[in-house]
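Reader: Could you walk me through this one while I have it open? I'd like to go back and forth on a few details.

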Amino acid sequence: RDWPKGIDGEVSPKLCFRMKQIRLGKRNAILKWEELTGNLNIMRRCLREELEAQKRMHNMQNGRIGGDGADALSQLTLTVPDLVHSTFIRFWKAPSMPGKI
């Protein structure tokens with residue numbers, strides 16, 4: 001899958017975010033975002049596919065078929081979380097306020 005293109009073939013695609021949730025925790029405050037164009041999911045997929053392609057090529061060059069090599073590159077996995085968030089406040093201790101956090 002090809003890396004998504006921006007308007008007029010720009011190298012960097014446009015991303016559009018909408019705030020989905022604000023979470024106030026005991027140690028921080030977090031904004032959770034939702035990406036609306038679908039380009040972020042395409043980028044994540046491209047990264048996973050590229051890693052798998054590099055592992056296959058590495059294994060073939062080293063005489064291993066099927067990606068079951070024992071070296072570090074063959075064993076490497078990539079987890080690309082679906083979460084998009086910003087931690088915008090960190091607390092030294094839990095804030096004093098009424099109600100549950």
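Reader: Which residues does Asn 28 touch, leaving out those up to four places away in sequence?
Author: This is a predicted model, and in it Asn 28 touches Arg 23, Thr 87, Ile 89, Arg 90 and Phe 91 once residues up to four places away in sequence are set aside.

Reader: And where does Asn 28 lie, and is Asn 28 buried or exposed?
Author: Asn 28 lies in strand E2, and with a relative accessible area of 12% the residue counts as buried, because the cut-off for that class is under 20%.

Reader: How are the elements ordered along the chain?
Author: From the N terminus on, they run β-β-α-α-β, and the protein has 2 helices and 3 strands.

Reader: What about contacts over long sequence separations?
Author: If you take the contacts between residues at least 6 apart in sequence, 55% of them join residues that are at least 24 apart.

Reader: Switching to pockets, how much space lies in the largest pocket?
Author: The largest pocket holds about 180 Å³ of space.

Reader: Which elements supply at least two residues of its lining, and which gives the most?
Author: Strand E1 (17–24), strand E2 (28–35) and helix H1 (39–61) each supply at least two residues, and E2 gives the most, with 4 residues.

Reader: Can you name the lining residues, and how do they split by class?
Author: The largest pocket is lined by Lys 20, Gln 21, Lys 32, Trp 33, Glu 34, Glu 35, Leu 40, Asn 41, Arg 44, Asp 82, Leu 83 and Val 84. By class, that lining has 6 charged, 4 nonpolar and 2 polar residues.

Reader: Different topic, then: how many disulfides are there?
Author: The count comes to 0 disulfides, going by a rule that asks for a pair of cysteine sulfur atoms within 2.5 Å.

Reader: Is Cys 16 buried, exposed or partly exposed, and what about Cys 46?
Author: Cys 16 is partly exposed, because its relative accessible area of 36% falls between the 20% and 50% cut-offs. Cys 46, on the other hand, is buried, with a relative accessible area of 10%.

Reader: Last one, on the protein as a whole: what share of the residues counts as buried, and how much area does the protein expose?
Author: Of the 101 residues, 22% count as buried. The protein exposes about 7,900 Å², and carbon and sulfur atoms supply 56% of that area.

Note on methods. Residues numbered from 1 in each chain as written. Predicted model: local features only at pLDDT ≥ 70, side-chain atom pairs only at ≥ 80, totals over all residues. Heavy atoms only, no water. Buried < 20%, exposed > 50% of the residue type's maximum accessible area, 1.4 Å probe, protein only. 1 Å grid on protein atoms, 1.4 Å probe; cavity = no way out; pocket = protein on both sides within 12 Å on 5 of 7 lines; lining within 4 Å. Points joined across faces, edges and corners; volume = space filled by probe spheres on them. Nonpolar A, V, L, I, M, F, W, Y, C, P; charged D, E, K, R; others polar. Contact = heavy atoms within 4.5 Å. Areas by Shrake-Rupley, 256 points an atom, 1.4 Å probe, with all protein chains shown as cover.
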